[in-house]
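Visitor: I am new to this structure. Could you walk me through it, and explain the terms as we go?

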Amino acid sequence: MASEATRHRSWAEPYKIKMVEHLKMTTRAERDAAIREAGYNTFLLKSEDVYIDLLTDSGTSAMSDRQWAGMMLGDEAYAGSRNFYHLEEAVREIYGYKHLVPTHQGRSAEHILSQIAIKPGDVVPGNMYFTTTRLHQELAGGRFVDVIIDEAHDSASEHPFKGDVDLAKLERVIAEYGADHIPYVCIATAVNMAGGQPISLANLRAVRALCDKHGIRVIHDATRVAENAYFIKEREPGCADMTIAAIVRAICDLTDGCTMSAKKDALVNIGGFLALNDDDLFDAARNMVVVYEGLHTYGGMAGRDMEAVAIGLHESVDYEHIKARVGQVAYLGRKIHEFGVPIVVPIGSHGVFLDAEAFLPHLDQDVYPAQTLAAELYLDSGVRSMERGTVSAGRDPETGQDRRPKLELVRLTVPRRVYTQAHMDVVAESVAEVFDHRDAIKGLRMVYEPAQLRFFQARFEPVA
Ligand SMILES: Cc1ncc(COP(=O)(O)O)c(C=O)c1O
């Protein structure tokens, strides 16, 4: 018998369930019809045909009773809503940025920032692209340049901070284009396209120092900054005794502002913002938000939504919350890994990323292995995931050719506070089932391709 000192002690979610939502179970024949109807694109499935929805962690969180109570305190005045001031206070307290421009979600903040900061011909270095972020940079006439460390592109590398910037790459970009053509360096925390991989504080400090030397701003995509902070606490020497809030603040203090999709860390179904320290840039952003989003004291959000974001931001830096959130993803990842299925390691913050190239080595990238795998997983169990590979990477605007990303991934994204451990077991077993029958899987060909962000609406057919 294990002694008291050695006995394993489990931990559980720091909340209990107050309301439930019914899930529809489907048959294989129903799923077959549904995925065909959806053009083999999981974005085009009806949510009611999905059993466990791991499409995204964006806007899919369960809000807390405090957030729902906050919704009742919505001040829906057109101008000067009290909820705006609560949100401004929360952003100043938690992130420390001086100015707040609310937006209806993250990409609107990216749009405004890109329009006011980027001139045609500029380049924006960053630690891996994100789909909407890069597109807005391109629409403003800029070009994204990837300066993340090489390990980030290697799904098997166990590097603890695969979100780190390669400083030599960044120096080369500055030398080649000149600081005058770099409006800012774009730093994501818990880098989504790398598999939810964190950047270290030490690396961010070095980026800051290099940018200071050249007078270049550092803008932070803070969408999952609390999740990144959890990994810093766990892994970075000297940070174990820091609170999540202190680490989040330390990250933000090294940057000049942020774009934020509040639909992730901040535990709301809709919302976002741009936060800036620079007075002039803020003035330009405040002028632009009224054109595209709404008055600068609501920016596309209802008062009640701003209140829920303000409360969610406080909840996001609670240690027990973030430990359970990242812990649930790790539980799913370990389980899938134990079945021998190739995944991105270390397991990331917001989802488990299947390595579709290693899963389906007989499929060329031309037949979209990750898109195919996402469709197969849905067919097996009704679990919805999403492609993060060739389809998401899109075409190079200069050559018109498909980009060939090194990572061909399927993302199983875990919504916050929504599913139980039993749901995670069902997902892992379904992935294992598809893995067992992988040799029989054939690819897809694209039969409809939208001009922008094609992964959302593209349609496919099975190859013969
Ligand atoms: C890292 C990152 N940045 C920006 C965005 C865009 O945010 P939104 O979907 O709220 O427009 C997302 C959303 O998926 C994201 O993951």
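**Starting at one serine**

Visitor: Which residues does S349 touch?

Guide: Contact here means heavy atoms within 4.5 Å. Setting aside residues up to four places away in sequence, S349 touches A190, G195, G196, R224, E227, F231, R325, V326 and V329. A word on the source: this is a predicted model, where local features need pLDDT of at least 70, side-chain atom pairs count only at pLDDT 80 or more, and totals for chains, interfaces and linings use all residues. Residues are numbered from 1 along each chain as its sequence is written, and side-chain values use heavy atoms, with hydrogens and water left out.

Visitor: Why is S349 called buried?

Guide: Buried means under 20% relative accessible area, exposed means over 50%, and partly exposed is in between (1.4 Å probe, protein chains only). S349 has 0% relative accessibility, so S349 counts as buried.

Visitor: What joins the side chains of S349 and E227?

Guide: A polar contact of 3.0 Å. The term covers a pair of N or O atoms within 3.5 Å; within protein, one must be able to donate a hydrogen and the other to accept it, and residues adjacent in sequence count only if both atoms are side-chain atoms.

Visitor: Where does S349 lie?

Guide: In the loop between helix 12 (319-338) and strand 9 (351-355). Helices (H or I, at least four residues) and strands (E, at least two) are DSSP runs, numbered from the N terminus. P346 lies in the loop between helix 12 and strand 9 too. The peptide bond from V345 to P346 is cis, with omega near -15 degrees.

**Backbone angles**

Visitor: What is noted about the phi of Y40?

Guide: Phi of Y40 is near 55 degrees, a positive value in a residue other than glycine. Y40 sits in the loop between helix 1 (28-37) and strand 1 (52-53). Y40 has 10% relative accessibility, so Y40 counts as buried.

Visitor: And what is the phi of R417?

Guide: About 65 degrees, positive although R417 is not a glycine. R417 is in the loop between strand 12 (409-413) and helix 16. R417 counts as buried because its relative accessibility is 17%.

Visitor: Why does G74 count as partly exposed?

Guide: The relative accessibility of G74 is 27%, so G74 counts as partly exposed. G74 belongs to the loop between helix 2 (65-71) and helix 3 (82-94). Beyond its neighbours within four places in sequence, G74 is in contact with N83, G303 and R304.

**Cysteines**

Visitor: How many disulfides does a search of the whole structure find?

Guide: Zero. A disulfide is a covalent bond between the sulfur atoms of two cysteines. The test used is a pair of cysteine sulfur atoms within 2.5 Å.

Visitor: How do you know that C239 is in no disulfide?

Guide: The nearest cysteine sulfur, that of C252, is 15 Å away. That does not meet the cut-off, so C239 is in no disulfide. For C252, the nearest cysteine sulfur is that of C258, 6.3 Å away, and C252 is in no disulfide. C252 is buried because its relative accessible area is 1%.

**Cores and a helix**

Visitor: What makes a nonpolar core, and how many residues has the largest?

Guide: It is a set of buried Ala, Val, Leu, Ile, Met, Phe, Trp, Tyr and Cys residues joined through side-chain atoms within 4.5 Å. The largest nonpolar core has 61 residues, and those with the most contacts inside it are L87, Y95, V248, F273, V309 and L313. Helix 8 (residues 225-235) gives this core its largest share, six residues. Apart from this core lies another, of 32 residues, among them I336, A370, L377 and M424.

Visitor: How does the reach of helix 16 compare with what is expected?

Guide: The expected span is 1.5 Å times one less than the number of residues. Helix 16 (residues 421-436) has 16 residues, and 22 Å is expected. From first C-alpha to last, helix 16 reaches 23 Å, close to that value. Its buried residues include H423, M424 and D425.

**The ligand**

Visitor: How many residues surround the ligand?

Guide: 13, and the closest are G106, R107, D221, S261 and K264. A residue is near a molecule or strand if one of its heavy atoms lies within 4 Å of it.

Visitor: Which distance separates the side chain of S261 from an oxygen atom of the ligand?

Guide: An N or O atom of the S261 side chain is 2.6 Å from a ligand oxygen. For R107, the distance from a side-chain N or O atom to a ligand oxygen is 2.7 Å. A polar side-chain atom of Q105 lies 2.9 Å from an oxygen atom of the ligand. Each pair fits the 3.5 Å cut-off for a polar contact.
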